[in-house]
Number of protein chains: 2
Amino acid sequence: MKPLILITNDDGIASRGLLHLASIAQEYGEVIVMAPDHNASGVSTSITSTRPLRVNTISQSESYSVYSCDGTPADCVKMGIEHFCPRTPDLVLSGINYGSNASINVIYSGTIGAVLEACLNGFPAIGFSLLNHNPAADFDACTPTIRHILSHVLQHPLPDFTALNVNIPRLPANEIKGIRICRQARAAWKDSLEKRIDPIGRPYWWLTGKFVCDNPPVDSDQYLLAQGFATVVPIRPDFTTSQSLDSFKNLEQ
Amino acid sequence: MKPLILITNDDGIASRGLLHLASIAQEYGEVIVMAPDHNASGVSTSITSTRPLRVNTISQSESYSVYSCDGTPADCVKMGIEHFCPRTPDLVLSGINYGSNASINVIYSGTIGAVLEACLNGFPAIGFSLLNHNPAADFDACTPTIRHILSHVLQHPLPDFTALNVNIPRLPANEIKGIRICRQARAAWKDSLEKRIDPIGRPYWWLTGKFVCDNPPVDSDQYLLAQGFATVVPIRPDFTTSQSLDSFKNLEQ
């Protein structure tokens, strides 16, 4: 039996990046798409508990079915796995996202929220992002990288409780230098809220800000993307610090 | 000068847990509250980029000011620090949350989303949660634990890029056995979407599910809370796996 691949994203069901990823995935298996019916960028691992969810069937066939849902990317993963996959999925994919999910962007990303949701439930999962917010972004340039990673992961299963965060630089396919395993760089968005005044004199604030990532380490995603590599960060939904817990022992009571 | 403490939560500005935390914090310093004007439970580290944000001033004095914002907990942290704190805060607190943010709940939590937002920007931050969803929850029982942790952290600064996720068991104060440093347990919510049929025959789904955490390790939050301890997990906003990155090298190209 061919692998069953569930796909979602955070840019919404109409995203060209989603359709491109679904078309590549069909080379490897049976595909179910369950994606938000709206742009859900920046919703992280949000889940919807205050209202019920609805699903819209867009197309159905033996090898490729497409559904939209009015929930978050993490909701879509739960919904797809529990109620719309004909059997347990072999792989959960998210993307291709418009824009970077490298470095600290991973914290806010609905694309990666979906990946973490799949991972914590024990499913192999991969998020794909292209460093390009332009509506005309060239997703074809991502194809060789995505094919390499899908082929590899379907042949060499990921370790338990481990997912992949893949970012692809904004370059023609033949200028991407290769694929590198690395870690998440530390960074932050500074001066992130811009104040304006409305026509009747009341203040409001827009999210904005500049991305600051000073001297990223050579084994980090931010550094390697700038060198022209596609980056793969192995991730898992666990925030426990990597420092020794013993160093905090004097807080105990 | 007294410490400046910024406080937010995800249950919203009217939460008794928020007011209780603010009252304890006033024993230690000047307090600014900037909290969502609505219930933002389960929004993780969401940020608001598709509409501007508004702030409502509820009360202002030299030592204690209270504002609400129509954004997420992470938005509230950015807003408070950048536009409403009279100087750089010495500490950012979030909570007291109604219900557990131990184990995998941390991934969905708006309470912890705020803590991670503060942490990635370099601010010491602590999230407090009580394992009780009851509107009449006894937050007084949390007071000794919170006082101990605030006193300690103000005297012994947290390491860089490290925050604390504190969970408090649902017990009278004198039955809480102590405070333990530990790691996040692995768990998941199973059977998480319940299907129903509306009056005109269309399906809809409610988020629900049962929490499954089999045999949590003895050094995990889930285990220690069940033993009657308050738990402290040192956390940081980095999803990179703790496994050796070398084990993934054969994926490189």
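User: Happy to dig in! Which strand of chain B does helix 5 run at about 170 degrees to?

Analyst: This is a predicted model, and in it helix 5 of chain B lies across several strands. Those strands are strand 5, strand 6 (125-130), strand 7 (163-168), strand 8 and strand 13 of chain B. The angle of about 170 degrees is the one helix 5 makes with strand 6 of chain B.

User: Nice. In what order do the strands of that open sheet in chain B come?

Analyst: The open sheet is built from nine strands with mixed pairing. Strand 3 (55-59) and strand 8 of chain B each pair on one side only, so they are the edge strands by the definition used here. Neighbouring strands are turned by 20 degrees against each other on average, direction ignored. The order is 3-4-2-1-5-6-7-13-8.

User: Which residue stands opposite B:Ile7 in strand 5 of chain B?

Analyst: Strand 1 (residues 4-8) and strand 5 (residues 91-98) of chain B run parallel and are joined by four bridges. Helix 2 of chain B packs on the sheet and touches both of these strands, along with strand 2 (30-36), strand 3 and strand 4 (64-69). The partner of B:Ile7 in strand 5 is B:Leu93.

User: Over in chain A, is helix 2 largely enclosed or largely open?

Analyst: Helix 2 of chain A spans residues 73-84, and nine of its 12 residues are buried. Among them are A:Pro73, A:Asp75, A:Lys78 and A:Ile81. With that many buried, helix 2 of chain A is therefore largely enclosed by the rest of the structure.

User: Which residue takes a positive phi in the hairpin of strand 10 and strand 11 of chain A?

Analyst: Strand 10 (residues 193-197) and strand 11 (residues 203-207) of chain A run antiparallel, with five bridges between them. Within this pair, A:Glu194 stands opposite A:Trp206. Five residues lie between the strands of the hairpin, and the one with a positive phi near 90 degrees is A:Gly201.

User: What relation links chain B to chain A?

Analyst: A rotation of 180 degrees with 0.0 Å of shift along its axis superposes chain B on chain A, at an RMSD of 0.0 Å. In chain B, the C-alpha nearest that axis belongs to B:Ser44, 3.0 Å away. The relation is that of a two-fold axis.

User: And why do the copies meet through the same surface?

Analyst: In the interface, 63 residues of chain B are in contact with 63 residues of chain A. By class, the chain B side has 31 nonpolar, 21 polar and 11 charged residues. The copies meet through the same surface because the share of interface residues of chain B that are also interface residues in chain A is 100%.

How values were computed:
Residues are numbered from 1 along each chain as its sequence is written. Chains are lettered from A and ligands numbered from 1 in the order in which they are written. This is a predicted model: local features need pLDDT of at least 70, side-chain atom pairs count only at pLDDT 80 or more; totals for chains, interfaces and linings use all residues. A residue is buried if 20 or more other C-beta atoms lie within 10 Å of its own, exposed if 12 or fewer, and partly exposed in between; C-beta atoms are placed from the backbone. Helices (H or I, at least four residues) and strands (E, at least two) are DSSP runs, numbered from the N terminus. Two residues are in contact if their C-beta atoms, placed from the backbone, lie within 7 Å. Ala, Val, Leu, Ile, Met, Phe, Trp, Tyr, Cys and Pro count as nonpolar, Asp, Glu, Lys and Arg as charged, and the others, Gly among them, as polar. Two strands pair if DSSP finds at least two bridges between them. Copies are superposed by least squares on the C-alpha atoms of residues with pLDDT of at least 70 in both. Axes are lines fitted to C-alpha atoms, for helices over the stretch in contact, and angles run from 0 to 180 degrees between N-to-C directions.
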